[in-house]
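Dear colleague,

Please find below the structure that I am handing over to you. My findings follow directly after it.

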Amino acid sequence: MTTPLAAQMAAPNVETLQVRLDALCAIHPLPPKGAQRMALSADDKAGRDLFAGWAKAAGLSLTVDPVGNMYAHLPGTRPDLAPVMSGSHLDTVATGGRYDGALGVVAALAVAEAMAAAPPPRGLVVANFTNEEGARFAPDMLGSLVAVGGLSIADALQITAIDGARLGDALAATRYAGDAPLLSERAPHAFVELHVEQGPVLDEAGLALGAVTGVQGIAWRSISFTGEANHAGATPHRLRRDAGRAAITLAHAALALPERFGPDLLATVGRMALTPDLINVIPEAATMTVDLRHPDAETLNAADDALDAAISAAAEATGCTATSQRLARFDPVVFDQNLVARIETGAAARGLTHRRLISGAGHDAQMLARICPAAMIFAPSIGGISHNPAEDTAPEHIAAAVTVLADTLNALCHEVT
Ligand code: GLV
Ligand code: MN
Ligand code: MN
């Protein structure tokens, strides 16, 4: 098969790509196929070390910015032209899959290696962004958010993890705090991210590839209720100030929001902790999180307002006090229409079945879209399973998506105007 694009390049090595994913998973494997590399943990550092070693072995130079975003550079023949960028994240949730994030990094690296024999006019930069997941430090997409100027370095370094660590200290422990300039100082020519879909759309339709049109909006909250500890056997309900009951009342209300705002609103209560967490003590405190997502900003705002009302109602009904902290709030993002069309055309040129779709999950590309044309390619997730060690994608779908990524990046790297 010949590439439909003007400039030919060697095919990216997808066997090496899979071996690298094996190596990343081997750091902290989770059966059956997953891995754990929570952001800025020792596991994440080990993944970063692997990436740095592969990049250096490929002759790419490595730079690191002050929040630990890593960039491996294949120089172009025209250093006056802004480079093209591709990549994703090596961090995972605690129940991480094989492909979430890591695929986008090793795929971009494979493309850079394939291009290295005959460098194009524009350079290619392979990115590994810090703390995309947001599972340890909120917000999600933190590294790319800082890189595009959406959050100051100083504020980012002060963020506290769910385990109490300060981001600046955890980063220092990895030795991946550098001094490379932020991307906002020199925007890439374009950013294209390959990722697994993490949802059921492509798999259910039996399609090989997705051209991602944008990312839905996201609103994260942490809510704490304070009541009074008392005896489970001796305290009548009329005298209770039960923080556990407040949290459960709010959980019911949050999970019922889709009934009011429609099935495109997704509501998740992912964390809930009671204090003192004993069978015969009425909880004096409860903390919980609510994750709301919707493709339309206005609807998401309305649901978020409804959540506020539900927090007050749960506190009032139980005699507790409530505090709420916003952990993340990102509007829906629309990707660059030209890039989306190019990905579609590229898939068709390779004879791949495909469709356009919006991303349910958050991605670094949505931050890069603030400073340069950005888009994403999705490979199908078997059964739509992700944030689960069983996450999987057929090897032929990985190979097909890497081919379209390579074609797209190759064309962008040859764009000289
Ligand atoms: C990132 O994985 C997210 O929660 O969307
Ligand atoms: Mn991801
Ligand atoms: Mn994820």
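**Findings: Q216 and its surroundings**

Q216 is located in the loop that connects β8 (209–215) with β9 (217–226). Please note that the model is a predicted one.

Is Q216 buried or exposed? Its relative accessibility is 6%, and because residues under 20% are classed as buried, Q216 counts as buried. A polar atom of the Q216 side chain lies 3.0 Å from the backbone oxygen of G360. G360 also appears among the residues in contact with Q216 once neighbours within four places in sequence are set aside. The others in that set are D264, L266, R293, H294, P295, P332, I358 and S359.

**The chain as a whole**

The secondary structure of the protein chain consists of 13 helices and 18 strands. Its C-alpha atoms occupy a box of roughly 80 × 45 × 40 Å along the principal axes. The radius of gyration is 23 Å, which agrees with the value near 22 Å for a compact globule of 417 residues.

Of these 417 residues, 54% count as buried. Considering contacts between residues at least 6 apart in sequence, 79% join residues at least 24 apart.

As to the surface, the protein chain exposes about 16,600 Å², of which carbon and sulfur atoms supply 55%. The chain carries 28 positive and 44 negative side chains, and 3 Å separates the centres of the two sets.

With kind regards

How values were computed
Residues numbered from 1 in each chain as written. Chains lettered and ligands numbered in written order. Predicted model: local features only at pLDDT ≥ 70, side-chain atom pairs only at ≥ 80, totals over all residues. Heavy atoms only, no water. Helix = DSSP H or I, 4+ residues; strand = E, 2+ residues; numbered from the N terminus. Rg over C-alpha atoms; globule rule 2.2 N^0.38 Å. Buried < 20%, exposed > 50% of the residue type's maximum accessible area, 1.4 Å probe, protein only. Contact = heavy atoms within 4.5 Å. Areas by Shrake-Rupley, 256 points an atom, 1.4 Å probe, with all protein chains shown as cover. Lys, Arg positive; Asp, Glu negative; His and termini not counted. Charge placed at Lys NZ, Arg CZ, Asp CG, Glu CD. Polar contact = N/O pair within 3.5 Å; in protein donor to acceptor, adjacent residues only side chain to side chain.
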